[in-house]
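Q: I'd like a close look at one part of this model: the main pocket and what sits around it. Please take it slowly, and put the other details in afterwards.

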Amino acid sequence: MKLATIRLGNGNTTAVRVEGDTLVDLGLPDVGAVLASPGALEAAPALDGRRYPGVDADFAPLVPRPSKVVCVGLNYQKHIKEMGRDLPEYPTLFCKFADTLIGALDDVRRPVETEQFDWEAELAVVVGREVRRASESEAEAAIAGFTVLNDVTCRDWQFRTREWLQGKNWDSTTPLGPFLVTTDEAGGPRPALDIRCEINGQVMQQDNTGDLLFDPVDLVRYVSTMIRLNPGDIIATGTPGGVGHARKRQIFLQEGDTIVTEIEGLGRLENRVVSEGP
C-alpha cells in the first residue's frame, strides 16, 4: 500500500491512499495522523472516500510534524571505504527539526548565509507504532514503511564545529515523500532498493540500500534504546557516495538547480533550488 499527504488548496491537508493515478481520501489530516490513530493503518486499504486526480496532486511533507527526525551519518559501506575511514562500531546520529521539511515537489530554499549547499539522497524509515528498547522483532514490527528524503546540507555551517546540527537544520530545505510505501510492498523491513540523485539531469549518487552498514531494523533498535519512537517519527538512514563536498572538484547547489531524488519502488522527489533571502 502507498499513502501520501496532499494539500487541498484551502490551507488544509489530507491523507490519501494511492491507487494508480487516483488518490482516495482517508478522512485524516495527514499520514502521521493515520499512523497515530489506532487501527487506521490496518483499515486504510478498505476505506473509501473522496477521490482526487494524482497527476495534479500538491504533496505536503509526508509527515508534516513528526515528533523527531533522527538522521544517520556515514552509513553506506562503499562510501565509508572510499572516504578512507574505518567502519564505525555505532551509528553516528544527529537530529533535524520539522521546520526543515518540505513536500516532494516544493522548492528547496537556499539560505544566503551558505556558499556550500549540498545534496544527500536517503532512504527514510517511517515509524508506525510507539516503541522503546525494541527487540529485533519489535523493531521490525514498528516499521510502517519507507519513503524518500534528501538531507540538503549547508556544509560550511556543518563543519564549523564537530557537531553537525547547525549544517542540517535550515528552514524549508528537506524534501520528504511523496509516498509511504508499506514494508510488504517495499521488500520487507530491510529492503535492497536502488537509490539515486540527479542534479540538473546528471547522476551524482547511485547505490543500493542493501549496502547500509546499519539497516533500518538496526537503527530502530538502537535509537529506541535511548528514546521512545512515536508513530510518524522518521529515521533518515544516511547517504551514499557522490555528494558535492566529497568530490575532487567540489560542486554545490546554486539557485535554479533541479534536484531529483529517487528510490526504486518508493517514488521520486523533484525540487528546484530558490534563494531564500535574508
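A: First, some vocabulary: a residue is buried when its relative accessible area is under 20%, exposed when over 50%, and partly exposed in between (1.4 Å probe, protein chains only). Keep in mind that this is a predicted model, where local features need pLDDT of at least 70 and side-chain atom pairs count only at pLDDT 80 or more, while totals for chains, interfaces and linings use all residues. Residues are numbered from 1 along each chain as its sequence is written, and side-chain values use heavy atoms, leaving out hydrogens and water.

Now to the pocket itself. The largest pocket holds about 290 Å³ of space. Its lining has 17 residues, and those closest to the centre are L74, H79, R155, F159 and W164. (A pocket is an open set of points on a 1 Å grid over the protein atoms alone, where a 1.4 Å probe fits and protein lies on both sides within 12 Å along at least five of seven lines; lining residues have an atom within 4 Å of a point. The volume is the space filled by probe spheres set on points joined across faces, edges and corners.) Strand β5 (69-73) and helix α5 (155-158) each give the lining at least two residues; helices here are DSSP runs of H or I with at least four residues, strands are E runs with at least two, and both are numbered from the N terminus. By chemistry, the lining splits into 8 nonpolar, 5 polar and 4 charged residues.

L74 deserves a second glance. This leucine sits in the loop between β5 and α3 and has a positive phi of about 50 degrees, although it isn't a glycine. L74 is partly exposed, at 22% relative accessible area.

The same loop, between β5 and α3 (77-82), is also where you'll find N75. N75 counts as buried because its relative accessibility is 0%. Its side chain reaches the backbone nitrogen of F214 at 2.8 Å. Beyond its neighbours within four places in sequence, N75 is in contact (heavy atoms within 4.5 Å) with I80, D211, L212, L213, F214, L219, T237 and G238.

What about the cysteines? C71 is buried too, at 0% relative accessible area. Its sulfur is 7.1 Å from the closest cysteine sulfur, in C95, so the two are too far apart for a bond. A search of the whole structure turns up 0 disulfides, a disulfide being a pair of cysteine sulfur atoms within 2.5 Å. C197 is in none either, with the nearest cysteine sulfur, that of C154, 16 Å away. C197 is likewise buried, at 0% relative accessible area.

For comparison, here's the runner-up. About 240 Å³ of space lies in the second largest pocket. Its lining has 15 residues, with L41, E42, G128, R129 and A141 nearest the centre. Helices α1 (31-36), α2 (40-43) and α4 (136-142), plus strand β11 (143-150), each supply at least two of the lining residues; the largest share, 3 residues, comes from α2.

Two backbone oddities round things off. G177 and P178 are joined by a cis peptide bond, with omega about -10 degrees, and P178 belongs to strand β13 (residues 174-182). N200, another residue other than glycine, has a positive phi near 55 degrees. N200 sits in the loop between β14 (194-199) and β15 (202-208), and is partly exposed at 48% relative accessibility.

Key: Ala, Val, Leu, Ile, Met, Phe, Trp, Tyr, Cys and Pro count as nonpolar, Asp, Glu, Lys and Arg as charged, and the others, Gly among them, as polar. A polar contact is a pair of N or O atoms within 3.5 Å; within protein, one must be able to donate a hydrogen and the other to accept it, and residues adjacent in sequence count only if both atoms are side-chain atoms.
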